[in-house]
Amino acid sequence: MSTYSLEHKEYLKKIRKEKIVVTFFRFLIILIFLIGWELLSHFKLINTFLSSSPSKVFSTMLSLFADGSLFRHIGITLYEVLLSFIIATVIGIVVSIILWSRPIISKIIDPYLTILNSLPKVALGPLIIIWVGASINSIIFMALLISTFITIINIYSGFISTDKGYITLLRSLKANKRQIFTKVIWPSNYMTIINALKINISMNLIGVIMGELLVSKSGLGYLIMYGSQVFNIDLVITSVVILAIISYLMYFIIDKIEVIVLNKNS
Amino acid sequence: MKNKILSVKNLKKCFHDKKTEIKALEDISFDIYDKEFVSIVGPSGCGKSTILSILSGLEKQSDGEFKFSKDVTIGYMLQDDSLFFWRTILENCLIGLEITGKLNEESKNYVIQLLQTYGLGDFMNKYPSSLSGGMRQRVALIRTLAIKPDILLLDEAMSALDYQSRLAISDDIYKIIKNEGKTAIMVTHDIAEAISMSDRVIVISKRPGTVKSIYDIELSNKSTPINNRKCKEFSLYYDKIWRDLDVHI
């Protein structure tokens, strides 16, 4: 530390100060929000039946925890998200490889891919239930419909926008398609794939919750649906809060993976 | 008598798009001899790079033929160094051996030795992003040399660099190529670069490209490219080629 110049120390101090300010205000916002919400409901300024309160959310969470259903619902939802995430990733990568290695196929199916991607998949919900049945399968199916096409499109467009110079170099060495893929396309697209997976996982979360709202008997989406049907707003809001925490954690984990991959590659 | 290593006869190349057919090369013929350094100069868009693409097998000629005297290995070096950012310098230089399936202890040691000989030993395990443009180009040359090519094809290999690095790296590359006893064909738009480095200069006309003239570069005290620029014959060749190129703006 002593080797740093005075100016540099000032600079470090400034950074530290900024970090403290950011952290402080982050907590301040959530604190004001929670306290305000609690006070408003405590003094009956808002209808607690409709808008619940932090203490009620907390106690609902505790009772869900106490009867063991909290982790069961979270577990089911996470399981469904993870399963559809893995399937969508595998399909996304495999299809992208096929499209990349056979441009003619890509040309042919391009409009269909676009239509399927932009179609609001919720519209298919009732159909899915009829076709696949009211089970976990329809939830996975729904999630896959929402996540797979965008994953394919993202990974594939990464593949085809690979630096042409790299490919020319390998072609001048008489490399075959498989070599071009394994030596250039794949390693140069780590970041594309990580970004595609980021979108993929949040799409799957959306899809799973949507599926659970439609058909399920457990999971966070089910809790929300059930809560609204019996007019237990505490339960609905508690589930939404848990969902928010989960989606943040998922994002956080992928972000960490990204940092690890980045460090390995630079 | 020098050994002929390549002969090109009546090469023709057309490019097609929806609306038109572009005649890039009309009629190109020349011979290349062993250990020779030959430059091809011509106005931009004359199809000079296409000649190298055809020789390297990246493109197919529309008509005409070219023949190598024996089964040669070709090293192709482009303007863009295309170093893989996810590989170290050494790993970058080994890519050719990996692709051609010739990577083993011996060939790897050869590449390491090349890197050390040409001042890149300390950077072997670094990534390309930490190198300057000139050094990256030197790495690209060693990557090209790694597969022990008989003929080097240099396509505007130095053009992306700033003027000073370009002069310095021209000297470097020239020395490396001569040291390793390679034959080289270099495409450039820079007349001075062509004269200073080459044994012969082939001038290509504007599109559709034909061979306009071929000059044997004979300088009174020929040494390195930078010094060659000071020879008294240098400006004579420069004037002749400039006239041949017939530049109008």
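**Entry 1: the sheet of chain B.** Before I read the sheet, I noted that two strands count as paired if DSSP finds at least two bridges between them. I also kept in mind that this is a predicted model. With that in hand, I looked up the strand order in chain B and found an open sheet of nine strands, E4-E1-E2-E9-E8-E3-E7-E6-E5, with mixed pairing. I then asked myself which strands are the edge strands. They are strand E4 (63-68) and strand E5 (74-78) of chain B, and each of them pairs on one side only. Leaving direction aside, I found that neighbouring strands of this sheet are turned by 20° against each other on average.

**Entry 2: one pair of strands, and the helices on the sheet.** I next followed strand E6 (residues 151-155) of chain B to strand E7 (residues 183-188) of chain B, and I noted that the two run parallel and are joined by five bridges. For a single example I took B:Leu154, whose bridge partner in E7(B) is B:Met186. I then turned to helix H1 (residues 48-56) of chain B, which packs on the sheet and touches several strands, among them E4, E5, E6 and E7 of chain B. The direction of H1 of chain B makes about 145° with that of E6(B). Helix H5 (residues 133-145) of chain B lies across E5 and E6 of chain B, and I recorded that H5 runs at about 165° to E5(B).

**Entry 3: the domains of chain B.** I looked up the domain assignment of chain B, which gives domain 1 as 1-72 + 151-165 + 178-249 and domain 2 as 85-149. Taken over C-alpha atoms, the centres of these two domains of chain B are separated by 26 Å. Their contact takes nine residues from domain 1 of chain B and six residues from domain 2 of chain B. On the side of domain 1 I noted six nonpolar, one polar and two charged residues.

**Entry 4: two helices of chain A.** In chain A I found helix H4 (residues 69-101) packed with helix H11 (residues 220-229) at an angle of about 125°, with the axes 7 Å apart. Because of that angle, H4(A) is oblique to H11(A). The contact is made by A:His73, A:Ile74 and A:Thr77 of H4(A), together with A:Leu220, A:Gly221 and A:Leu223 of H11(A). By class, I recorded three nonpolar, three polar and no charged residues in this contact.

**Entry 5: where the chains meet.** Lastly, I checked the contact between the chains, where 16 residues of chain A meet 13 residues of chain B. H8(A) gives the most to the side of chain A, with seven residues.

Key: Residues numbered from 1 in each chain as written. Chains lettered and ligands numbered in written order. Predicted model: local features only at pLDDT ≥ 70, side-chain atom pairs only at ≥ 80, totals over all residues. Axes fitted to C-alpha atoms, helices over the stretch in contact; angles between N-to-C directions. Helix = DSSP H or I, 4+ residues; strand = E, 2+ residues; numbered from the N terminus. Parallel < 35°, antiparallel > 145°, perpendicular 65-115°, else oblique. Contact = placed C-beta atoms within 7 Å. Nonpolar A, V, L, I, M, F, W, Y, C, P; charged D, E, K, R; others polar. Domains from an automatic or database assignment.
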